[in-house]
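Visitor: I'm in my first year and still learning how to read a protein model. Could you take a close look at one part with me, and then show me how the rest fits around it?

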Amino acid sequence: MSNPSLSLGTGLFSGITKLCKGLAVILISGHIVVHLFPSSLTYLALIPARTIPFVWNLITAGYIEQSVYGVVVSTFGLLFIGKLLQPIWGSREFLKFIFVVNFLTSVCLFITAIALYYITRQEIYLYMPLSGFHGVISGFLVGIKQIIPDQELPLLKIKTKWLPSIAILLCIAISFWTLEAAAYLPTIISGTYISWIYLRYWQTKPETKHRGDPSEDFAFSTFFPEILRPVIDPIASIFHRLLCGRSDVFDDAQSYALGSEHLPGSDSIESSRRRERGARALEERLAAERLAAARSELQRDASENV
């Protein structure tokens, strides 16, 4: 099977789904609302000291971008990464992923802010308005890592499996120079980890009726350089037992077993199938974009000849 590349050429703006466009409208509208009515930020953004009784902040905060830079990056990320993920996951699963990652990322931010307040006794952690879609965008990068990990980005020659790690490292590096980047860091880290938990343990696969992705290629240690994995794996297993216990994903993986003997290579087979589906969907989308570009070129030439 051919190995499609992530093309950024002709047809960049084609193939964007209606669902992604609708969500983009929500992001832009939310930014406009808080810009025209600054007091609305109190009710829409996550302010830890006011989350009780304003509990809806845990949901609305993720769709409110306070800066122009934030709304531009989130909108483009949603449109161009979403058009790759939605056809593979389906609209319902795509929306479910966004809702779960957004909500749980807000919960993590709330807990982090309360913990920082009790540690430092600085009230800024209680009253700083937290919001933004970048937690979900980080989750999209994890989805790309899962589906097409070996694809290379044009020009950069970086495999997509490293995108979540690179995003976190860049945010950490930039946060040494700007406080604004430091404010994004907890959301990006939380969004990355929550999305990995969702895809690793919770996501339902209609074609197999299994939950999660138990393959070694999607283990938590794969976010780190190979030299660090012997250290990361034992730590990750401890957190797995503490936070997840006996996850359904590993119970489901046992369904591959015949009697008490596990079928060898079943995890790698499922991982290979997932990559093939992702590559095939990407290839079909790129082919459709090239066809649309060719048609528009022919129409333009015909109109010029007339």
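Visitor: Let's zoom in on Leu153: does this residue count as buried or exposed, and why?

Guide: Happy to, and keep in mind that this is a predicted model. Leu153 counts as buried, because its relative accessibility is 18% and the cut-off for buried is under 20%. You'll find Leu153 in the loop between helix H7, which covers 134–147, and helix H8, which covers 163–175. Now go ten residues along the chain from Leu153 and look at Leu163: the C-alpha atoms of these two are separated by 9.7 Å.

Let's follow helix H8 from there. Ser175 lies in this helix, and Ser175 is buried because its relative accessible area is 18%. If you skip residues up to four places away in sequence, Ser175 touches Ala181, Ala182 and Leu185. Cys171 is another residue to click on: with a relative accessible area of 9%, Cys171 is buried too. Cys20 is also buried, at 0% relative accessibility. Seeing cysteines, you might go hunting for disulfides, but a search of the whole structure finds zero.

Now turn to helix H7, on the other side of our loop. Aromatic rings are worth a look here, and the count for the model comes to 18 aromatic pairs. One of them is Phe97 with Phe140, a stacked pair with 6.1 Å centre to centre and 20 degrees between the planes. Phe97 lies in helix H5 (residues 91–120) and Phe140 in helix H7, so this pair ties together parts that are 43 residues apart in sequence. Both of these phenylalanines are buried. For another geometry, try Phe220 and Phe223, whose rings form a tilted pair, 6.0 Å centre to centre with 40 degrees between the planes. Phe220 counts as partly exposed, because its relative accessibility is 23%, while Phe223 counts as buried at 10%. Back at Phe97 and Phe140, there is also a wider group: Tyr63, Trp89, Phe94, Phe97, Phe133, Phe140, Tyr198 and Trp202 form one aromatic cluster.

Between Phe220 and Phe223 in the numbering is Ser221, so let's stop there for a moment. Ser221 lies in the loop between strand S2 (210–211) and helix H10 (229–244). At 5% relative accessibility, Ser221 counts as buried. What does Ser221 contact, once its neighbours within four places in sequence are set aside? Arg229, Ile232 and Asp233.

Next, two bits of backbone to check. The peptide bond from Ile52 to Pro53 is cis, with omega near 20 degrees. Pro53 has its place in the loop between H2 and helix H3 (57–60). Then there's Arg121, where phi is near 60 degrees, a positive value in a residue other than glycine. Arg121 sits in the loop between H5 and helix H6 (124–127). Unlike the buried residues we began with, Arg121 is exposed, because its relative accessible area is 55% and the cut-off for exposed is over 50%.

While we're on the outside, look at the surface around helix H1. Ile28, Ile32, Val33, Leu36 and Phe37 form a nonpolar patch there, with about 450 Å² of accessible area together. Phe37 has its place in the loop between helix H1 (18–36) and helix H2 (41–44).

Finally, zoom out to the whole chain. The protein has twelve helices and two strands. Read from the N terminus on, the order is α-α-α-α-α-α-α-α-α-β-β-α-α-α. Of its 306 residues, 42% count as buried, and Leu153, where we started, is one that counts as buried. The accessible surface comes to about 17000 Å², and 67% of that belongs to carbon and sulfur atoms. As for how the chain meets itself, take contacts between residues at least 6 apart in sequence: 70% of them join residues at least 24 apart.

Definitions and conventions. Residues numbered from 1 in each chain as written. Predicted model: local features only at pLDDT ≥ 70, side-chain atom pairs only at ≥ 80, totals over all residues. Heavy atoms only, no water. Patch = residues over 30% accessible without salt bridge, like charges linked within 9 Å, V, L, I, M, F, W, Y side chains within 5 Å. Areas by Shrake-Rupley, 256 points an atom, 1.4 Å probe, with all protein chains shown as cover. Salt bridge = Lys/Arg side-chain N within 4 Å of Asp/Glu carboxyl O. Helix = DSSP H or I, 4+ residues; strand = E, 2+ residues; numbered from the N terminus. Buried < 20%, exposed > 50% of the residue type's maximum accessible area, 1.4 Å probe, protein only. Contact = heavy atoms within 4.5 Å. Disulfide = S-S within 2.5 Å. Phe/Tyr/Trp six-rings, centres within 6.5 Å; stacked < 30°, edge-to-face > 60°.
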